[in-house]
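Student: I would be grateful for a close look at one single part of this structure. Please set that part in the context of the whole chain.

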Amino acid sequence: MGAERKTGEEAAVEVMEGITEEVMEGETGMEEGLTLEKFEEASEVVKKVTLETKLVFSEYLSAQTGNKVYLKPENMQLTGAYKLRGAYYKISTLTDEERAKGLITASAGNHAQGVAYAAKAYGAKAVIVMPTTTPLMKVNRTKGYGAEVVLYGDVYDEACAKAYELAEENGYTFIHPFDDLTVATGQGTIAMEIVKELPLVDYILVPIGGGGLATGVATLAKLLNPKIKVIGVEPAGANCMQMSIAQGHVVTLPKVSTIADGTAVKTPGNKLFPYIQKNLDDIITVEDHELVVAFLDMVENHKTVVENSGLLTVAALKHMNVKGKKVVAILSGGNMDVTTMSSVVQQGLIMRDRVFTVSMLLPDKPGELYKVAGIIAKVNGNVVELEHNQFVTTNRNAAVELRITMEAFGTEHKNQIMKSLEEGGYKPKLVNVGG
């Protein structure tokens, strides 16, 4: 299964030269589809359109997890996501005739931009079918690359069915976003870059939607060094690959529900499934609320915007039962519209007890509001919003309701503010705002 680990320098040289003769021969059982030769070819091709996304060591996440955590920032790519790799490599392998027919695909956004960008580079027409729930920013950016956008269906699977229909009607060449071995080969070039830069990597965390990225990364990683563990990460509300592996065959989820729109897929790729079964070591699922907190962590501690699907690997770090390992988390994309971003930030602040709302009944007499404000100020609470309701009861002389939204430093500070209000003679009740 390959050579023992060497020093960092020796391993890097070995990777650069194609690893070993054994690996070069592709003795993996499915070498006719995804070979080292094809991965090397794809790596050279995608360099024409991709930016170099060097690994970023995260002191913050390393300290939290007890591992050496590195981020692979594909959110910094030209189109804001890794998808450009697979799309461009796939289109590069098409004949002039296939490109001249026009290209069509279905995508929740990132593959759409990749195909649109690559099609423009080759002077080909591109038609993209996107779910109606796709963030406006992704729609507009896809159009900005010159593609025709058709909005159809609530989820990717419905948009994909429509794209096949349009391809049949108009003779377009279909570029599948994930269930295509050539596309997966392009995506796998990420693993080539990771291993060249960090030869002794122990774990690679990769998001899973349909499975294209995971297939490419896991297959190439195992070709380069079978000891590397590749862990897939799915939203708990769209765990189609996890369910498929559990049942031993591709299954379709009855529905998906997740804020990670880029990985909201009901059915994983049939062509990819054997590679996932063979090369993926495990799958971790994360809840939506974990993505919200991860977004806040990335913005505050790394000064970078990562979309919810790209945050899957960051959220999964806390679920790993290992210490002292070199772990790479692939940040697959950063295409998040401002409306979604503001909502996620608000929810993250609430979940971290950085923003909270209390309701209190006050005697309806002069000076009470001043007294409450003084208590809050004394413990360094910051009032964001204040609502004074005189009609909470029919007896206005008895009490009025005061709702105060405040900023705090965290849970301990919030509890301190609540205690101070109680000691001041009030009975503050927390109000659940925003879910």
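Tutor: The answer below begins with the whole chain and then turns to one residue, T267.

The model is a predicted one. Its protein chain has 435 residues, and 56% of them count as buried. The secondary structure consists of 19 helices and 14 strands. Measured out along the principal axes, the box that the C-alpha atoms fill is roughly 85 × 55 × 40 Å. Among the contacts with a separation of 6 or more, 72% are accounted for by residues 24 or more positions apart. About 19,300 Å² of the chain is exposed, and 50% of that area is supplied by carbon and sulfur atoms. The chain carries 43 positive and 54 negative charges, whose mean positions are 6 Å apart.

Within this chain, T267 belongs to a loop. That loop runs between the helices α13, residues 240-247, and α14, residues 273-279. Leaving aside residues up to four places away in sequence, T267 touches D157, F178, C240, V250, V251 and T252. Two of these partners deserve a separate word.

The first is V250, which is 17 residues from T267 along the chain. The C-alpha atoms of V250 and T267 are separated by 7.1 Å, and the two residues are in contact. The second is T252, whose side chain is joined to the side chain of T267 by a polar contact of 2.7 Å. The cut-off for such a contact is 3.5 Å between N or O atoms.

In summary, T267 is a loop residue that touches, among others, D157 and F178 and has a side-chain polar contact with T252.

How values were computed
Residues are numbered from 1 along each chain as its sequence is written. This is a predicted model: local features need pLDDT of at least 70, side-chain atom pairs count only at pLDDT 80 or more; totals for chains, interfaces and linings use all residues. Side-chain values use heavy atoms; hydrogens and water are left out. Helices (H or I, at least four residues) and strands (E, at least two) are DSSP runs, numbered from the N terminus. Buried means under 20% relative accessible area, exposed over 50%, partly exposed in between (1.4 Å probe, protein chains only). Contact means heavy atoms within 4.5 Å. Accessible areas come from the Shrake-Rupley method with a 1.4 Å probe; for residues, only the protein chains shown count as cover. Lys and Arg count as positive and Asp and Glu as negative; His and the chain ends are not counted. The place of a charge is taken as NZ of Lys, CZ of Arg, CG of Asp or CD of Glu. A polar contact is a pair of N or O atoms within 3.5 Å; within protein, one must be able to donate a hydrogen and the other to accept it, and residues adjacent in sequence count only if both atoms are side-chain atoms.
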